[in-house]
Amino acid sequence: MTVDIAGRDRFADDLVLGADPVLEPWNRAGLLSAADLHLVDRLGRLSGERLSDTAKVGVALAMRAVRRGSTCLALDQVTELLASTESVAQGSVAQESVVDVRIPSGRELFEALAVCPLVTGSPAGPLRPLVLVDSEDGPLLYLHKYFRQEHIIRSVLDERAARVPDVDPDAVREAVYAAFGSPDGDSPDGDSPDKDAEAGSPRVDARQRLAGFVAAGRWITVLAGGPGTGKTFTVARILATLEHLSEHRLRIGLCAPTGRAAAQLESSVASYRRDTTPIRAVTVHSLLGWRPGANPRYNRTNTLPHDVVVVDETSMLSMTAMSYVLDAIRPDARIIFVGDPHQLESVDAGAVLADLVDRVDAGEATTTDAGRARVRDAIASAGMTMADDVGDEPDPDVDPDSVVDDADLARISAGVITLRRGHRNSPGIATLAAAINDGDADRVAELVRSGLPGVVLIDPTGLDPVQTAVTKWGLDLQAAAEAGDDVAALAALNRHRVLCAHREGRWGVQGWTDQITEWTGTASYLPLTASTAMSQAGRPVLVTVNDKETDTSNGDCGVVIRDVRATVAPGDPVPLTVAFARGESGVHRVHPARLSDVVPAYAMTIHRSQGSQYGAVTVVLPPIGSELLTRELLYTAITRAQTEVWIVGTLDVLTAAVDRRVARASGLRSRIRALGD
Ligand SMILES: Nc1ncnc2c1ncn2[C@@H]1O[C@H](COP(=O)(O)OP(=O)(O)OP(=O)(O)O)[C@@H](O)[C@H]1O
């Protein structure tokens with residue numbers, strides 16, 4: 001493979017001086033980092049044995065795979081993996097600006113690694129830091145730590161799927177109907193449907209009710225769905241169902257990977273619950289007693305006390321966190337994983353939510369005939385219909401969302417239930433999101449060209465419409481903030497957001513932040529930074545750490561406003577405060593001096609925006625060739641918008657994003673077999 005290194009800094013931090021001659025060209029080509037080379041060197045020394053050249057490449061590539069989010073290296077896919085992520089030189093390029101690296105075939109890698117002392121152990125000691133296994137995707141090479149974590153996940157999932165909670169089906173039906181209402185229209189807790197409608201409470205979808213049956217009948221449930229499909233609304237009712245079934249007061253643990261997601265989960269569950277007893281939600285780290293650099297306090301031998309644990313935003317969970325969660329929950333406690341498997345995955349290694357769903361589709365999840373029969377009963381009790389029982393002609397009386405086909409039945413039987421009906425995004429955005437998830441680039445292009453309501457593609461050379469919308473947003477924010485109207489300022493804050501793939505550069509967060517301050521005429525001679533943002537009313541800010549003192553979490557967005565309630569001496573300026581939204585209509589104010597870790601938030605990265613939604617969103621796509629340009633990034637970005645999305649990019653960039661999936665290798669999706677055992 002020939003790699004174009006013309007644009008690469010010859011003095012980049014990542015270049016290793018005196019590198020191993022086998023790996024040196026890989027490092028110079030930017031395919032392997034200093035960390036990858038360092039690991040090979042260290043492991044080689046520890047084993048006390050000589051590693052073959054091909055084994056060295058394999059070990060370094062395994063490290064690289066983990067750095068890029070995979071949990072293992074798929075040996076048969078190395079060439080595709082490297083070609084899809086790096087700038088491979090095309091056509092004629094000046095000789096000195098290219099590096100040639102020879103990529104060993106999957107077979108060569110396998111043969112070299114199968115006899116590598118780091119895999120087999122060596123006379124110098126039992127050290128076996130790498131594991132080589134066979135799978136349906138070909139041989140996989142793991143760093144031992146990730147192999148162990150995947151093993152924990154696989155064994156806990158299989159063990160929990162092999163047995164079911166001892167619950168009486170009639171009691172379950174009664175509990176589900178009490179929490180979700182029955183299909184014939186009785187509302188929860190026996191209220192009449194009219195009374196429920198009057199109270200403004202949404203009518204439950206049959207699929208949401210089915211989730212109640214599934215969660216009551218299994219130890220692990222995965223509740224999947226796009227934004228606004230009612231996942232949290234359903235979780236609150238699942239908890240009510242389980243409370244109804246339980247003879248004692250349930251100990252419920254609510255958690256999410258980030259502080260902000262946990263705070264949002266707590267407030268949404270509280271607003272949906274009829275029981276007024278609050279349930280606290282905490283971060284996954286805090287639930288597990290897991291401090292940086294140490295093992296979690298709760299684990300297999302010291303399990304969590306909870307009877308039910310709900311993990312929200314599971315797509316953001318790393319494999320390490322997932323293995324710790326599964327290890328720490330009592331075998332007789334229920335676990336409910338909630339999230340959107342199509343969203344961007346964790347910043348660390350693993351894409352566990354997507355894997356949990358994919359392993360069912362790959363026939364890897366354990367289901368039994370009895371389990372399927374029970375699910376068929378639940379489907380009928382929830383008011384849904386099997387596809388076999390519906391004729392070929394569409395029946396206007398049958399809601400298509402309440403029809404279960406064989407693939408859906410397999411997933412539900414394995415405890416994976418997907419809510420499909422969006423209750424928040426505009427239909428245009430939902431249609432586009434579905435086409436993106438299907439990977440149908442032609443349809444995406446056709447939808448965007450046809451002027452889908454709420455979706456506008458803006459060429460980066462003609463930003464006028466975006467400028468108008470964004471400027472209005474910035475000025476509305478400023479007016480409300482100057483007037484000291486916190487409620488209006490917070491409402492304005494969520495009306496728009498600019499989301500970028502990259503942090504730096506003209507088309508990144510920094511470039512757009514500068515652009516917006518210029519458009520709104522609020523740019524000063526100082527660039528907009530954390531500290532200058534805090535000294536100007538109307539600036540949106542994003543908190544970047546969890547801080548108990550100020551009761552703010554990493555990811556919280558607030559707005560700097562005039563504190564018109566403060567007492568000031570005549571002639572003195574009205575001081576500033578930062579307002580944060582809390583729950584449906586609450587406001588939390590913090591003095592700017594108490595917030596040390598914040599950044600300006602007119603624009604933010606798409607990664608950061610996960611779990612949030614805004615009225616309108618401007619999505620700035622990265623150029624073709626950017627490693628970040630993927631289907632998951634595009635889906636995550638556009639579904640942050642409730643009513644309007646402006647996509648800044650060309651049709652070519654848009655379709656390139658749809659065509660490229662995040663490639664994360666993992667052994668969770670297919671059965672694996674250890675070699676040599
Ligand atoms: N069956 C339903 N009919 C009508 N509205 C519903 C229904 N279920 C939920 N909703 C409403 O849809 C909105 C979104 O619900 P919810 O917050 O539970 O979604 P979610 O999937 O958890 O969203 P996200 O995770 O993206 O925040 C809420 O206003 C909720 O009241």
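In the next few minutes I will talk about an annotated binding site and then about a pair of packed helices.

Please keep in mind as we go that what you have in front of you is a predicted model.

Let me start with the annotation, where an unreviewed UniProt entry places the feature "binding site" at G225, G226, P227, G228, T229, G230, K231 and T232. I would like to look at two of these residues, beginning with G228, which sits in the loop between β6 (220-225) and α11 (231-245). Is G228 buried or exposed? It has 18 C-beta neighbours inside 10 Å, and therefore it counts as partly exposed. If we leave aside its neighbours within four places in sequence, G228 is in contact with G422, H423, R424 and N425.

T232, by contrast, lies in helix α11, and T232 is buried because 20 other C-beta atoms lie within 10 Å, where the cut-off for buried is 20 or more. Again leaving aside neighbours within four places in sequence, the contacts of T232 are L265, S268, V269 and Y272.

Now to the helices. Two packed helices are described by the angle between their axes and the distance between the axes. For helix α18 (residues 427-437) and helix α24 (residues 631-638), that angle is about 170 degrees and the axes are 10 Å apart, so α18 is roughly antiparallel to α24. Which residues meet here? From α18 they are I429, L432, A433, I436 and N437, and from α24 they are R631, L634, Y635 and I638. Sorted by class, this contact of α18 with α24 has seven nonpolar residues, one polar and one charged.

Key: Residues are numbered from 1 along each chain as its sequence is written. This is a predicted model: local features need pLDDT of at least 70, side-chain atom pairs count only at pLDDT 80 or more; totals for chains, interfaces and linings use all residues. UniProt positions are given in the numbering used here, feature names are shortened, and annotations may be inferred rather than shown by experiment. Helices (H or I, at least four residues) and strands (E, at least two) are DSSP runs, numbered from the N terminus. A residue is buried if 20 or more other C-beta atoms lie within 10 Å of its own, exposed if 12 or fewer, and partly exposed in between; C-beta atoms are placed from the backbone. Two residues are in contact if their C-beta atoms, placed from the backbone, lie within 7 Å. Axes are lines fitted to C-alpha atoms, for helices over the stretch in contact, and angles run from 0 to 180 degrees between N-to-C directions. Angles under 35 degrees count as roughly parallel, over 145 as roughly antiparallel, 65 to 115 as roughly perpendicular and the rest as oblique. Ala, Val, Leu, Ile, Met, Phe, Trp, Tyr, Cys and Pro count as nonpolar, Asp, Glu, Lys and Arg as charged, and the others, Gly among them, as polar.
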